[in-house]
Amino acid sequence: LMDPIVQHPAIPALSKIRPRSRLKEEHKYLFDGTNRTNNDSLCLFDELALVACSTGVVCRKELLETYAAATFIHAKFPHMKRMADLAAGHGLLSWFLLVLDHYDNNNNSTTTRNNKQPPRTIVCVDRRMPQSADVIASAMIDRFPELEPRWCFVQSDLSAVEPHPSCLLISVHACGTLTDYLIEMAIGTTEGRNTLSGGSPLAIVPCCHTVKERMGYRPHRLSGMDAQEVSALVQERKKKQKHLKHEAVADVVDEVRCRTLRNAGYEVEEVMLPEAFTGRNRLLLGEAISVGTGTDKAVGRSNHKDHHFFQRHPNLPFIRIPLADDDESIAQCHAVSGREMKQTEKQLSPSLVMSFWLTDTADGKSSDNNSVPTLKALQALADQCCGEMETEEIQCSVEVLGDVKVQSTTRRRSQFYRFTYKKSKGADLSAAHVSRTTAKRIHTVIRERVGVKFGGLLQ
């Protein structure tokens with residue numbers, strides 16, 4: 001499948017470029033089609049390489065390994081029309097897979113207007129959307145404008161992802177234990193479902209293999225092994241592969257991963273990307289075909305939140321990322337996509353401030369005395385006021401803002417409190433906005449109640 005690309009006239013020239021050197025306009029001549037036979041896969045590769053060169057943000061190694069991975073993934077899952085690129089980086093893999101599908105739909109001679117397949121759509125998920133993602137998206141849309149509505153990028157930790165068997169989970173260079181957690185996520189889609197539907201299909205290129213527990217490594221229970229047993233197996237393999245000890249770790253860890261997937265009812269295929277493109281070249285392709293060992297029980301996902309990709313980022317709003325291949329789920333992903341969503345926490349949850357004088361016995365934080373404005377007393381009052389709202393389910397959280405202030409002349413102490421207004425936890429982001437007008441209206445009610453309860457202590 002990769003022979004035409006491996007034998008591409010540009011490969012010898014590219015091998016002289018450092019792997020992580022970025023391709024630029026000056027490299028376009030390598031992909032102008034000179035001195036090569038007419039080959040559809042080469043034409044498409046050249047076209048994508050020219051777009052990559054125009055961005056100035058794609059390195060030589062990434063172009064080759066990403067195209068190779070995309071080619072194998074598309075060949076294995078041509079029928080998958082919904083995909084999720086997890087820990088996506090700047091999303092190059094997603095664009096290549098969209099183009100491959102677009103190319104097939106428009107160049108397949110057997111396709112007619114009546115049996116034409118629906119277009120593929122992809123959502124990228126990562127904790128940060130880098131500037132390079134915008135650059136690549138802009139260049140791809142300029143060349144393939146039809147793809148714009150089929151792609152979106154959601155800034156979020158992976159805990160917001162809701163996998164579904166109709167969506168292929170993909171990730172190139174899922175570093176360290178991230179691969180294990182993505183496998184766990186895919187298998188976990190059987191939870192609470194008819195297990196005959198199987199788990200989510202997945203395609204992953206692992207890297208940075210480890211068996212160290214302090215690095216978070218814990219094999220899935222369906223592998224039938226624990227971390228110590230896997231580590232012992234690695235040591236055994238290293239004795240047999242004395243000159244390839246680093247490969248011993250990768251081989252053993254990926255064997256355990258494949259065993260886990262097979263025990264979960266998956267058909268697993270291992271594909272090796274060309275070594276000339278990348279050293280970490282094993283691609284795991286898994287598709288659920290039956291109910292595996294133990295999948296009729298709740299599949300444990302007790303460890304996935306330990307990984308930083310799954311940990312809730314304090315500056316990101318609470319959102320849902322449903323991956324099902326249906327119009328509602330796709331629309332939800334588009335609704336929460338884009339870099340600007342990272343800044344929506346302030347827009348979604350407006351906050352207002354009150355300042356109180358503190359009595360000699362109150363520190364504003366821990367006292368239970370109802371006659372002074374403690375954090376506990378203010379939160380209880382805010383909860384009461386919000387509970388009386390008839391039209392909207394709005395919560396108010398109260399927190400101490402800054403240190404106690406001491407007036408220079410009177411030595412009186414004061415404390416600021418922040419009142420933050422937001423919709424009840426679990427509301428979709430598209431419906432989670434609390435207007436500043438609504439927040440002010442509730443804040444006015446709370447301020448009046450505070451004035452009655454605490455008298456002259458409110459500034």
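**Exercise 1.** Which residues in helix 4 meet which residues in helix 5? Then describe how the two helices pack.

*Solution.* The model is predicted: local features need pLDDT of at least 70, side-chain atom pairs count only at pLDDT 80 or more, and totals for chains, interfaces and linings use all residues. Residues are numbered from 1 along each chain as its sequence is written, and side-chain values use heavy atoms, with hydrogens and water left out.

Step 1. Fix the elements: helices (H or I, at least four residues) and strands (E, at least two) are DSSP runs, numbered from the N terminus.

Step 2. List the contact, meaning heavy atoms within 4.5 Å. Helix 4 brings Glu62, Leu63, Thr66, Tyr67, Ala69, Ala70, Thr71, Ile73 and His74, and these meet Leu92, Leu93, Phe96, Leu97, Leu100, Asp101 and Asp104 in helix 5.

Step 3. Sort by class, where Ala, Val, Leu, Ile, Met, Phe, Trp, Tyr, Cys and Pro count as nonpolar, Asp, Glu, Lys and Arg as charged, and the others, Gly among them, as polar. The contact of helix 4 with helix 5 has 10 nonpolar, 3 polar and 3 charged residues.

Step 4. Take the angle between axes (lines fitted to C-alpha atoms, for helices over the stretch in contact; angles run from 0 to 180 degrees between N-to-C directions). Helix 4 and helix 5 (residues 92–107) pack at about 50°, with their axes 9 Å apart. Helix 4 is therefore oblique to helix 5 (under 35 degrees is roughly parallel, over 145 roughly antiparallel, 65 to 115 roughly perpendicular and the rest oblique).

**Exercise 2.** Find the aromatic pair that Phe45 and Tyr67 form and say what kind it is.

*Solution.* Step 1. Apply the rule: rings of Phe, Tyr and Trp (its six-membered ring) pair if their centres lie within 6.5 Å; planes under 30 degrees apart count as stacked, over 60 as edge-to-face and the rest as tilted. The count comes to 6 aromatic pairs.

Step 2. Phe45 and Tyr67 are 5.0 Å apart centre to centre with 65° between the planes, an edge-to-face pair.

Step 3. Phe45 lies in helix 3 (residues 40–55) and Tyr67 in helix 4 (residues 60–76), so the pair ties together parts 22 residues apart in sequence.

**Exercise 3.** Work out the strand order of the sheet with 3 strands, then place helix 12 and helix 13 on it.

*Solution.* Step 1. Strands pair if DSSP finds at least two bridges between them. The order in this open sheet is 10-12-11, with antiparallel pairing. Strand 10 (351–358) and strand 11 (394–406) are the edge strands, each pairing on one side only.

Step 2. Strand 11 and strand 12 (residues 413–423) are joined by 10 bridges; Val400 has Tyr417 in strand 12 as its bridge partner.

Step 3. Helix 12 packs on the sheet and touches strand 10, strand 11 and strand 12, its direction making about 155° with that of strand 11. Helix 13 also touches strand 10, strand 11 and strand 12, at about 15° to the direction of strand 10.

Step 4. The axes of helix 12 (residues 375–387) and helix 13 (residues 436–454) come within 10 Å and cross at roughly 130°. Helix 12 and helix 13 are therefore oblique to each other. Their contact includes Leu378 and Leu381 of helix 12 and Ile442 and Val445 of helix 13.
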